[in-house]
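User: Could you take a close look at one part of this model for me, and then set it in the context of the whole?

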Amino acid sequence: MSDDQDTMDEWAAALAEAEGEDGGDAEVAELEELSEDSKADLTTEEKRKLDTILDIPVTISMEVGRSKISIRNLLQLNQGSVVELDRVAGEPLDVLVNGTLIAHGEVVVVNDKFGIRLTDVISQIERIKKLR
């Protein structure tokens with residue numbers, strides 16, 4: 001078994017355990033795996049186009065909060081400085097893909113690595129409305 005698969009199994013076990021601790025109020029999304037079988041009905045041209053799209057890199061980031069400060073205050077920041085954010089402790093983090101909000105989540109730790117568990121995924125309709 002590969003290291004990536006081992007890591008994924010550890011994450012899955014940790015998330016399952018965490019769900020049990022918080023009463024299991026998180027909803028598990030069932031996603032259809034995009035496999036060669038699901039591509040069988042596509043033409044060669046459609047498969048090529050799909051493969052091209054699936055290989056496009058995107059930047060995913062998790063945002064704890066934001067703050068606006070003056071350049072004067074920015075230049076005064078040093079080690080140990082505290083910047084107040086626009087979020088309350090315990091509030092969900094924003095998950096952004098290429099700068100567009102797609103979900104909210106909470107921080108989890110597995111084997112000394114941070115991750116994020118999605119708690120609310122923004123619907124496609126809402127994302128389209130925000131583009132207008």
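Analyst:
**The loops beside strand β3**

Gly99 sits in the loop between β2 (93-97) and β3. Happily for orientation, this is a predicted model, in which local features need pLDDT of at least 70 and side-chain atom pairs count only at pLDDT 80 or more, while totals for chains, interfaces and linings use all residues. Residues are numbered from 1 along each chain as its sequence is written, and side-chain values use heavy atoms, with hydrogens and water left out.

Gly99 counts as exposed because its relative accessibility is 61% (exposed is over 50%, buried under 20%, partly exposed in between, with a 1.4 Å probe and protein chains only). The C-alpha atom of Gly99 lies 7.9 Å from that of Ser61, although the two residues are 38 apart along the chain.

Now step to the other end of β3. Asn111 belongs to the loop between β3 (100-110) and β4 (113-121), and Asp112 lies in that loop too. Asn111 has a positive phi, near 50°, and Asp112 also has a positive phi, near 65°. Most residues other than glycine have a negative phi. Asp112 is exposed, since its relative accessible area is 78%.

Stepping back, the protein holds four helices and four strands (DSSP runs of H or I, at least four residues, and of E, at least two, numbered from the N terminus). Their order along the sequence is α-α-β-α-β-β-β-α. Confidence varies among these elements: mean pLDDT is lowest in helix α1 (residues 3-21), at 64, and highest in helix α3 (residues 71-76), at 95 (pLDDT is the predictor's confidence in each residue, from 0 to 100). Over the protein the mean is 79, with 72% of residues at 70 or more.

Of the 132 residues, 13% count as buried. Contacts (heavy atoms within 4.5 Å) include long-range ones: among those between residues at least 6 apart in sequence, 35% join residues at least 24 apart. The accessible surface of the protein comes to about 11300 Å², and carbon and sulfur atoms make up 53% of that area (Shrake-Rupley method, 1.4 Å probe).
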